[in-house]
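User: Please take a close look at the salt bridges in this model and at where their partners sit. Start with the overall form of the chain, so that I can place them.

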Amino acid sequence: MSDTIQTVLIILSPAVTTGAVAFLSKAWISHALEKELIKFEKQYASIYDKKSMVISELYGKLAEASILLKDLVKLFQPAGQDLKAKNQNAWKVWKEAEDYFIKNKLFLSDDTAAKIEQVIEEMISALAKFDTAQFANDTYQSDDTGMWEAAHEKVNKDLPPILESLKSEFRKELGVNK
């Protein structure tokens, strides 16, 4: 082999080796990054799925509690209703919503959690006012304390705008447009 060819090979050999190492390193790094990206996308999708489920379940529980509360505190009630059963059911559904919220608060933004806490507080306040007005009654009785009317006001005027705001917040977090 001639000296010129040997010199060229000596000069090119490190360049070719370096190029091959760089190419293989780039391919390996790209593959590793792609694997990490897929793993991250799966984790994010799983979290989003859980968050979506929590929002759906929680909104359903709060809506059900709101419906029961409205029925419980409406000012004109048909005669002969079982007040205790209606009251116990409203408290039970409210408590289920509160418990579910506490267990799943992690999946909600701070703003959303604050609105839910406000809804829960308004509901318990209405329930407490109504219980004060109808203390130990098996059926609806007239109320001279004004607490029944205050509970009615809370459920029908104070609570709906907060629930509507919460619904908008949930839609925003889920990426659902109006």
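Analyst: In this predicted model, the radius of gyration of the chain is 32 Å, whereas a compact globule of 178 residues would have one near 16 Å. The C-alpha trace spans about 115 × 25 × 20 Å along its principal axes. The chain contains four helices and zero strands, and along the sequence the pattern reads α-α-α-α. Of the 178 residues, 26% count as buried. The accessible surface comes to about 11700 Å², and carbon and sulfur atoms account for 60% of that area. Contacts can also be sorted by how far apart the partners are in sequence: among those between residues at least 6 apart, 75% join residues at least 24 apart.

Now to the charges. The chain carries 23 positive and 27 negative side chains, and the centres of these two sets are 3 Å apart. The number of salt bridges comes to 14. Three pairs and one network are described below.

The pair to begin with is aspartate 138 and lysine 84, whose closest N and O atoms are 3.3 Å apart. Aspartate 138 lies in the loop between H3 and helix H4 (147-174), while lysine 84 lies in helix H2, so this salt bridge ties together parts that are 54 residues apart in sequence. Are the two partners buried or exposed? Aspartate 138 has a relative accessible area of 46% and is therefore partly exposed. Lysine 84, at 42%, also counts as partly exposed, because the class runs between 20% and 50%.

The next pair stays inside one helix. Lysine 92 and glutamate 96 form a salt bridge with an N to O distance of 3.4 Å. The two residues are four apart in helix H2, so about one helical turn separates them. Lysine 92 has a relative accessibility of 48%, which means that this residue is partly exposed. Glutamate 96 is partly exposed too, with a relative accessible area of 32%. The helix that holds glutamate 96, H2, covers residues 83-104. For a distance over a longer stretch, compare glutamate 96 with lysine 129: they are 33 residues apart in sequence, and their C-alpha atoms are 20 Å apart in space.

Helix H4 offers another pair within one helix. Here the side chains of lysine 172 and glutamate 169 meet at 3.8 Å, N to O. These residues are three apart in helix H4, about one turn. Their surroundings can be read from the accessibility values: lysine 172 is exposed at 60%, but glutamate 169 is buried, with a relative accessible area of 9%.

What does threonine 112 touch, leaving aside residues up to four places away in sequence? Glutamate 169 is one of the contacts of threonine 112, and the others are Leu166, Phe170 and Glu173. Threonine 112 is in helix H3, residues 110-133. With a relative accessibility of 0%, threonine 112 counts as buried, because the limit for that class is under 20%.

Finally, some salt bridges share partners. Asp71, Lys74 and Lys86 are linked in a network of salt bridges.

To put the pairs side by side: the salt bridge of aspartate 138 and lysine 84 joins a loop to helix H2, the one of lysine 92 and glutamate 96 lies within helix H2, and the one of lysine 172 and glutamate 169 lies within helix H4.

How values were computed. Residues are numbered from 1 along each chain as its sequence is written. This is a predicted model: local features need pLDDT of at least 70, side-chain atom pairs count only at pLDDT 80 or more; totals for chains, interfaces and linings use all residues. Side-chain values use heavy atoms; hydrogens and water are left out. The radius of gyration is taken over C-alpha atoms; the globule rule is 2.2 Å times the number of residues to the power 0.38. Buried means under 20% relative accessible area, exposed over 50%, partly exposed in between (1.4 Å probe, protein chains only). Contact means heavy atoms within 4.5 Å. Accessible areas come from the Shrake-Rupley method with a 1.4 Å probe; for residues, only the protein chains shown count as cover. Lys and Arg count as positive and Asp and Glu as negative; His and the chain ends are not counted. The place of a charge is taken as NZ of Lys, CZ of Arg, CG of Asp or CD of Glu. A salt bridge is a side-chain nitrogen of Lys or Arg within 4 Å of a carboxyl oxygen of Asp or Glu.
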